[in-house]
Amino acid sequence: MPTPPAPGSDRARLAVKLREIRAATGMSGNQFAKELRWPQSRVSKIETAAQFPTGEDILAWLAAADARGDEEAVTELLKRARVESVSFRQEFRKSGGAGAVQRSVRELEHQAERVATFQPSMLPGLLQTPGFMRKLLALPSGPAQMGNASGDEIEQMVAARIERQALLYQSNRNLPLVIGEAALWVRVGDLETQLGQLDRLQSLAGLRTVDLRILPFAKATPIAPLHGFRIFDAESVVVETFTGEHLVLDPDEISLYEQLFRRLYDQAVSGAEAARLIQNVSRRLTTENPAG
C-alpha cells in the first residue's frame, strides 16, 4: 500500500478536499458509499489517502455529491498528487535519520504481498552483500554526500538493509527481481568485494524462494532501460534518483509499469541459465584482473 502522505502534500490535500465534499452533503461515509455503490472501506481509504483515486473515481465522487463545480480544483489536485517526490536530504534530517528511511522501506516491503523490482545496471538492496552495501553507500552519489548521513547512520542503513533480506527466504512472498547483465559488471569497490557479491547472487539464483532473472547482453532489450523501479502490489511505483525518490500513484501509469515489467520478466533468464551467466562474469573478472 502507498506510504502515508506527508502533511500538506498534494495527496493529503486531495484526500481532505474529497472528505470535505462528502461531508458537505450531510451524508456519512457509509451513506455516501451506498450512493456510490462502493464498499464503505473504499470511501474511507480514499478519504484517508490509503487508496489513490482514479479519474473515474473522482468523477463518480463529484456526481454523487452534486459538486461538479469543484471538478476543476479537484482534477488539478489529482494531477499534482499522481507523483510525489521525496528528498533524501530532507528525509535524513528527520528523527532516526538514514536508518529510519531504510526501516520505512522494510515496512513497505513487509506490508506488500508482491514487490516487483527492475534494475538495469545496479544490484537491488535485497541482493547486496554487506561489503557491497558499504562500498556503494560511501560513493559520492551515496547518502554521506547526497544526504549528509553520518558514519553511524550508514551502518544503520546497512543493518536495516540486511534485515530486509529476510524476505528472500519467505516462501509466501512474491518478489520477482529482474536485473540487467550490466549490474553484474558494474564494479563497486575492489575485486574481492565484487566477486563476493557475484558468489552471493549465484547462491540466490538457486534458491526456490527467490525469483531472480537476468536480462543478458545477448538479447535485445524489450524496453529502453532508462531507470530502475519497484512496483508494490500494483498500488504504487517507486523510482529512485540520486537525490530522492518519486512515488507514482496514478493507476494508469502503474499499469504501464506493470506491462514494462512483464516484458522484462519474460525476456530475462533464470535458474541454471542465470547462474551460468553469473559464473561467466565472475570467471572473466578473475581472468582479466588477476591482481585485483
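Student: Which residues does V248 touch, leaving out those up to four places away in sequence?
Tutor: Keep in mind that this is a predicted model. V248 sits in strand β7, and skipping residues up to four places away in sequence leaves out its neighbours along the chain. What remains is R82, V83, E235, S236, V237, E253 and I254.

Student: Is V248 buried or exposed?
Tutor: The cut-off to use is 20% relative accessible area, and anything under that is buried. V248 has a relative accessible area of 5%. That makes V248 buried.

Student: How far apart in space are V248 and G69?
Tutor: Along the sequence, 179 residues separate V248 and G69. In space, going C-alpha to C-alpha, the distance is 27 Å.

Student: Which residue in β7 is the bridge partner of E84?
Tutor: Start with the strands: β1 and β7 (residues 244-248) pair in the antiparallel sense, over five bridges. E84 falls within β1, which covers 83-87. Its bridge partner in β7 is L247.

Student: Which strands stand at the edges of the sheet?
Tutor: Eight strands make an open sheet with mixed pairing, in the order β1-β7-β6-β5-β2-β3-β4-β8. Look for strands with a single partner, because one side of each is then left without a neighbour in the sheet. Those are β1 and β8.

Student: How many residues of β3 are buried?
Tutor: Check both faces of β3 (residues 176-180). On one side P176, V178 and G180 are buried, and on the other L177 and I179 are too. So β3 is covered on both faces, and the count of buried residues is five of five.

Student: In β3, what is the bridge partner of F118?
Tutor: Strands β2 (residues 115-119) and β3 run parallel, joined by three bridges. For F118, the partner in β3 is V178.

Student: And which residue in β4 does I179 stand opposite?
Tutor: β3 also runs parallel to β4 (residues 211-215), this time with five bridges. Follow the pairing across from I179 and you land on I214.

Student: Which residues have the most contacts inside the largest nonpolar core?
Tutor: First, some background: in soluble globular proteins, nonpolar side chains tend to be buried together. Here the largest nonpolar core has 56 residues, and helix α12 (residues 191-205) gives the most to it, with six. The residues with the most contacts inside this core are L14, W61 and L184.

Student: What does W61 touch?
Tutor: Again we leave out residues up to four places away in sequence. The list then reads L18, I21, R22, F32, L36, W38, V43, I46 and E47.

Student: How many residues are in the second core?
Tutor: This core is separate, and A116, F118, Y265 and A268 are among its members. Its size is 16 residues.

Student: Which side chain does T193 join in a polar contact of 2.7 Å?
Tutor: T193 is found in helix α12, and at 14% relative accessibility it counts as buried. Besides touching G131, F132, K135 and V188, T193 makes a polar contact of 2.7 Å through its side chain. The partner is D190.

Student: Within what arc do the buried residues of α14 fall?
Tutor: Helix α14 (residues 271-288) has 18 residues, and its end C-alpha atoms are 26 Å apart, which agrees with the expected span. Its buried residues are A274, A275, L277, I278, V281, S282 and L285, and they pack against α11 (182-185), α12, β4 and β8. Turned away from that side are the exposed residues A272, R276 and T287. Seen down the axis, the buried ones line one face, because they fall within an arc of 160°.

Student: Which residues on the other side of α5 are exposed?
Tutor: In α5 (residues 71-81), V74, L77, L78 and A81 are buried. They fall within an arc of 100° seen down the axis, so they line one face of the helix. That face packs against α1 (10-24), α4 (55-64) and β1. On the other side, the exposed residues are E72 and K79.

Terms used:
Residues numbered from 1 in each chain as written. Predicted model: local features only at pLDDT ≥ 70, side-chain atom pairs only at ≥ 80, totals over all residues. Heavy atoms only, no water. Core = buried A, V, L, I, M, F, W, Y, C linked by side-chain atoms within 4.5 Å. Buried < 20%, exposed > 50% of the residue type's maximum accessible area, 1.4 Å probe, protein only. Helix = DSSP H or I, 4+ residues; strand = E, 2+ residues; numbered from the N terminus. Contact = heavy atoms within 4.5 Å. Pairing = 2+ DSSP bridges. Polar contact = N/O pair within 3.5 Å; in protein donor to acceptor, adjacent residues only side chain to side chain. Expected span 1.5 Å × (residues − 1). Arc of directions from axis to C-beta.
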